[in-house]
Amino acid sequence: MAFVERDSDGKILAIVRETANPLPEQVDPGSKEVAEFLFGAGLAENLGENWLAADLSLSRVIEDLVDILIKKELLEITDFPLQAQQKIIGRRGKRNDFGYLAQLFPSDDDDDDALIA
């Protein structure tokens, strides 16, 4: 939990864990506003982008791991709660759609491989 003190323009002056203020303003420590105060606007945006890229790549790894475990019959899709099953199946569909698009519009490298074969 974090509390902020603001100036007359509403900008953060200080961030504290505890406050003597009878009406403290509580903020999410992970908010963009707190990151901008701590690191500056440019670095805060960069940090957010880096975290997003890391989260997206990790989610892809987890998705692949789930697929491998299901193919090896170490896990069944029904082992997951219904909402998780729906997300897994929906994501699979999106990846299949993207794979189809990649076949329709191959990259230059794919074209070179086709000429060699």
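## The core

A nonpolar core is a set of buried residues of the kinds Ala, Val, Leu, Ile, Met, Phe, Trp, Tyr and Cys, joined through side-chain atoms within 4.5 Å. In this structure, which is a predicted model, the largest such core has five residues: Ala2, Val4, Ile12, Val27 and Val34.

Val34 is a handy place to start looking around. Once you set aside its neighbours within four places in sequence, Val34 is in contact with Ile12, Ile15, Val27, Asp28 and Pro29. Two of those names, Ile12 and Val27, are also on the list of core residues.

## The overall layout

Now step back to the whole chain. It has four helices and three strands, and reading along the sequence you meet them in the pattern β-β-β-α-α-α-α. So where do the helices come in that pattern? They come after the strands.

How much of the chain is buried? Buried residues make up 12% of the 117 residues. The accessible surface comes to about 9700 Å², and 58% of that belongs to carbon and sulfur atoms. As for contacts with a separation of 6 or more, 22% of them are between residues 24 or more positions apart.

## The strands at the start

Strand S1 covers residues 2-6, and strand S2 covers residues 12-16. The two run antiparallel and are joined by four bridges. If you want a spot to find in the viewer, try Arg6, which stands opposite Ile12 in S2. Ile12 is also one of the core residues.

Between S1 and S2 there are five residues, making a hairpin, and here Gly10 takes a positive phi near 90 degrees. Another positive phi turns up at Glu73, this time about 60 degrees, although Glu73 is not a glycine. Glu73 lies in the loop between H2 and H3, and at 71% relative accessibility it counts as exposed.

## Three salt bridges

A search of the whole structure finds three salt bridges. Let's take the strand one to begin with: Glu25 pairs with Arg6, with the closest N and O atoms 2.7 Å apart. Glu25 lies in strand S3 (residues 25-27) and Arg6 in strand S1, so this pair ties together parts that are 19 residues apart in sequence. Glu25 is partly exposed, with a relative accessible area of 33%, and Arg6 is partly exposed too, at 27%.

Then there are the helix pairs. Glu63 forms a salt bridge with Arg91, and the closest N and O atoms are 2.8 Å apart. This pair links distant parts of the chain, as Glu63 is in helix H2 (residues 41-71) and Arg91 is in helix H3, 28 residues apart. Is Glu63 buried or exposed? At 13% relative accessibility, Glu63 counts as buried, because the cut-off for buried is under 20%. Its partner Arg91 is partly exposed, with a relative accessible area of 36%.

Arg92 forms a salt bridge with Asp67, the closest N and O atoms being 3.0 Å apart. Arg92 lies in helix H3 and Asp67 in helix H2, so here the pair ties together parts that are 25 residues apart in sequence. Arg92 is partly exposed, with a relative accessible area of 30%, whereas Asp67 is buried, at 17%.

## Elsewhere in helix H3

Helix H3 takes in residues 82-104, and Gln85 has its place there. Gln85 is buried, with a relative accessible area of 16%. What does Gln85 touch? Not counting residues up to four places away in sequence, the list is Ile77, Thr78 and Phe80.

## A nonpolar patch on the surface

Let's finish on the outside of the model. Phe37, Leu38 and Phe39 make a nonpolar surface patch of about 300 Å². Leu38 has its place in helix H1, which covers residues 32-39. With a relative accessible area of 54%, Leu38 is exposed, because exposed means over 50%.

Methods
Residues are numbered from 1 along each chain as its sequence is written. This is a predicted model: local features need pLDDT of at least 70, side-chain atom pairs count only at pLDDT 80 or more; totals for chains, interfaces and linings use all residues. Side-chain values use heavy atoms; hydrogens and water are left out. Buried means under 20% relative accessible area, exposed over 50%, partly exposed in between (1.4 Å probe, protein chains only). Contact means heavy atoms within 4.5 Å. A salt bridge is a side-chain nitrogen of Lys or Arg within 4 Å of a carboxyl oxygen of Asp or Glu. Accessible areas come from the Shrake-Rupley method with a 1.4 Å probe; for residues, only the protein chains shown count as cover. Patches are made of residues with over 30% relative accessible area and no salt bridge: like charges are joined within 9 Å, nonpolar side chains (Val, Leu, Ile, Met, Phe, Trp, Tyr) within 5 Å. Two strands pair if DSSP finds at least two bridges between them.
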